[in-house]
Amino acid sequence: MSHVKSVEEQVLATSKQWIETFNKGDAKGCSEGYVVDAVMDARPVGQFVGRESILAFWQQFIQSTGASELIYKDVNVDVLDENNAVLSANWQMNVGRGYISKELWQRQGNGQWLLVEDDFTVVEQF
């Protein structure tokens, strides 16, 4: 049981670091939180495949909107096994709000947790 908790704690800590990176406006740092061939579904905007495509999305989004102050609420982590966990949550920031259906975090060979899938929806833009 403690092993499951440690996976949850690691994913939450990694997610928190990603949010802090986002809030600094560091699109490159955000993109480095994804595996090279990650898939991101940003509904209703579109699907972005691969770290380069995801980087381009975050750069454009952060620069054009001034997005920051991202926070997650009602966070749930479903631990699939010792190397995979799915995070879901509601989110809000200074430019909008929505929800995350699925952030699939996967532990890499070096112990680092990275996003394999990122599926979120923008409900409202401010």
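Reader: Which residue in E6 is the bridge partner of Met-40?
Author: In this predicted model, Met-40 has Asp-118 of strand E6 as its bridge partner. That pair belongs to the contact between E1 and E6, two strands that run parallel and are joined by 6 bridges.

Reader: And where do those strands sit, I mean, what is the order of strands in the sheet?
Author: The sheet is an open one made of 6 strands, and reading across it the order is E2-E1-E6-E5-E4-E3, with mixed pairing. Strand E2 (46-49) and strand E3 (71-81) each have a single partner strand, so they stand at the edges and one side of each is left without a neighbour in the sheet.

Reader: How much are neighbouring strands turned against each other on average?
Author: The average over neighbouring strands of this sheet is 10°, with direction ignored.

Reader: Back to the edge with E2, then: in what sense does E1 pair with E2, parallel or antiparallel?
Author: Strand E1, which covers residues 34-43, pairs with E2 in the antiparallel sense, and the pairing extends over 4 bridges. Within that part of the sheet, Asp-41 stands opposite Gln-47 of E2.

Reader: Changing topic, which strands does helix H3 lie across?
Author: Helix H3, residues 51-65, lies across E1, E2, strand E4 (84-93) and strand E6 (113-125), and the helix runs at about 50° to E1.

Reader: Since E4 came up, how many of its residues are buried?
Author: Strand E4 is mostly covered, in that 7 of its 10 residues count as buried.

Reader: What are the bridge partners of Leu-87, taking E3 and E5 in turn?
Author: On the E3 side, Leu-87 is the bridge partner of Val-77, and in E5 the partner of Leu-87 is Glu-103. Strands E3 and E4 pair in the antiparallel sense over 8 bridges, while E4 and E5, also antiparallel, are joined by 9 bridges.

Reader: How many residues sit between the strands in those hairpins?
Author: The hairpin that joins E3 to E4 passes through 2 residues, and the hairpin formed by E4 and E5 likewise has 2 residues between its strands.

Reader: What about the hairpin of E5 and E6, and which residue in the turn has a positive phi?
Author: That hairpin has 5 residues between E5 and E6, and in the turn Gly-111 has a positive phi of about 90°. Strand E5 (residues 96-107) and E6 run antiparallel and are joined by 11 bridges; along them, Ile-100 stands opposite Phe-120 in E6.

Terms used: Residues are numbered from 1 along each chain as its sequence is written. This is a predicted model: local features need pLDDT of at least 70, side-chain atom pairs count only at pLDDT 80 or more; totals for chains, interfaces and linings use all residues. Side-chain values use heavy atoms; hydrogens and water are left out. Two strands pair if DSSP finds at least two bridges between them. Axes are lines fitted to C-alpha atoms, for helices over the stretch in contact, and angles run from 0 to 180 degrees between N-to-C directions. Contact means heavy atoms within 4.5 Å. Buried means under 20% relative accessible area, exposed over 50%, partly exposed in between (1.4 Å probe, protein chains only).
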